[in-house]
Amino acid sequence: MLFMCHQMAMQKEANDKQKAEELRKQQSCLKVPIIWVLGGPGSGKGTQCEKIVQKYGFVHLSTGDLLRAEVASGSPKGKDLAIIMKEGRLVSNDDVLDLLEKAIREKSLDAKGFLIDGYPREKNQGVAFEKKIAPVDLIIYFECEDETLVNRIMGRAAASTEKRADDNEQTVKARILTFRGNTNAILSQYTDRTLTLNAERTVDEIFCDVTCALDCLLQKKNLEASDR
């Protein structure tokens, strides 16, 4: 019995080492930038992501879109996720990371860069992402005053033909409060890789700062690649 347990422990250690080596190789091959795009609801990060994709050809990955696509695929994993989401439960971070890893791996040969939109949502998720997938190169955080976010969201809700139960000021303020707490904890871990932009300005003014940051990042990544 003890011998069998010892064998199992050795096998697990060997598997862990193999996975760690595979991850190291994957990360070393990923020469394109990985960027986390964060911002409160109504901050305009979606618009900026669209402009980044148009200018730089980066792959835009949203965890919400990945989850919906997996469910729509009808795969065994998608069926499990559909049940979880239908019951109103939170999808585990391991499942979300698996989807992100799969999407990045599938597009890593042709991608010019990756925009991870709205992720991580919590401090531990950022740590898990870097451990499982790859280090983040840059975090772009679109900062807005709470009042601006509330006004933008309520304005959208008023103009929309589809009315949602959570489109009320009290719920919106609660969402923003939760977002602030989680995001502050995330950004405190990555002060040296975070670019905070004033998102109260016009779309073009904000994007001008975005392009300056991305041009510098791409230049740095190209130099790193040439030195290898």
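This section describes the fold, the nonpolar cores, the largest pocket and selected residues of a predicted model.

The chain contains 228 residues, 37% of which are buried. Its secondary structure amounts to 9 helices and 5 strands, arranged along the sequence in the pattern α-β-α-β-α-α-α-β-α-β-α-α-β-α. Among contacts with a separation of 6 or more, 80% join residues 24 or more positions apart. The accessible surface of the chain is about 13,800 Å², and carbon and sulfur atoms account for 53% of that area.

The largest nonpolar core comprises 31 residues, and those that touch the most other members are I34, W36, L61, L100, F114, I116 and F129. At least two residues of this core are supplied by each of strand 1, strand 2 (59-62), helix 3, helix 4 (76-86), helix 5, strand 3 (114-117), strand 4 (138-143) and helix 8. Helix 5 provides the largest share, with 6 residues. A further core, apart from the one just described, consists of 24 residues, including C49, C144, A199 and F207.

The contacts of I34 illustrate the packing within the largest nonpolar core. When neighbours within four places in sequence are left aside, I34 is in contact with F114, I116 and F129, each of which is likewise listed among the core residues that touch the most other members. The remaining contacts of I34 under this criterion are with A134, P135, V136, D137 and L138.

The largest pocket has a volume of about 1,400 Å³. Its lining is formed by 44 residues, and P41, K45, G118, R121 and R175 lie nearest the centre. Two or more lining residues are given by each of strand 1 (34-39), helix 2 (45-56), helix 3 (63-73), helix 5 (93-107), helix 7 (146-159) and helix 8 (169-187). Of these elements, helix 8 gives the most to the lining, namely 6 residues. By residue class, the lining of this pocket divides into 19 polar, 13 nonpolar and 12 charged residues. Strand 1, helix 3, helix 5 and helix 8 thus appear both among the elements that line the largest pocket and among those that supply the largest nonpolar core.

Strand 3 includes D117. This residue has a relative accessibility of 10% and therefore counts as buried, the cut-off being under 20%. Beyond neighbours within four places in sequence, D117 is in contact with V37, K45, C49, H60, L61, S62 and T63. These contacts include K45, which is one of the residues nearest the centre of the largest pocket. They also include L61 of the largest nonpolar core and C49 of the other core.

Two residues of helix 8 were examined in the same manner. F179 is located in this helix and is buried, because its relative accessible area of 17% falls under the 20% limit. Leaving aside neighbours within four places in sequence, F179 is in contact with G39, G40 and Y141. G181 also belongs to helix 8, but its relative accessibility is 45%, so G181 counts as partly exposed. The C-alpha atom of F179 lies 9.0 Å from that of E122, at a distance of 57 residues along the chain. For G181, the C-alpha separation from E122 is likewise 9.0 Å, with the two positions 59 residues apart in chain numbering.

Notes
Residues are numbered from 1 along each chain as its sequence is written. This is a predicted model: local features need pLDDT of at least 70, side-chain atom pairs count only at pLDDT 80 or more; totals for chains, interfaces and linings use all residues. Side-chain values use heavy atoms; hydrogens and water are left out. On a 1 Å grid over the protein atoms alone, a cavity is a set of points where a 1.4 Å probe fits but cannot get out, and a pocket is an open set with protein on both sides within 12 Å along at least five of seven lines; lining residues have an atom within 4 Å of a point. Grid points are joined across faces, edges and corners, and a volume is the space filled by probe spheres set on the points. Helices (H or I, at least four residues) and strands (E, at least two) are DSSP runs, numbered from the N terminus. Ala, Val, Leu, Ile, Met, Phe, Trp, Tyr, Cys and Pro count as nonpolar, Asp, Glu, Lys and Arg as charged, and the others, Gly among them, as polar. A nonpolar core is a set of buried Ala, Val, Leu, Ile, Met, Phe, Trp, Tyr and Cys residues joined through side-chain atoms within 4.5 Å. Buried means under 20% relative accessible area, exposed over 50%, partly exposed in between (1.4 Å probe, protein chains only). Contact means heavy atoms within 4.5 Å. Accessible areas come from the Shrake-Rupley method with a 1.4 Å probe; for residues, only the protein chains shown count as cover.
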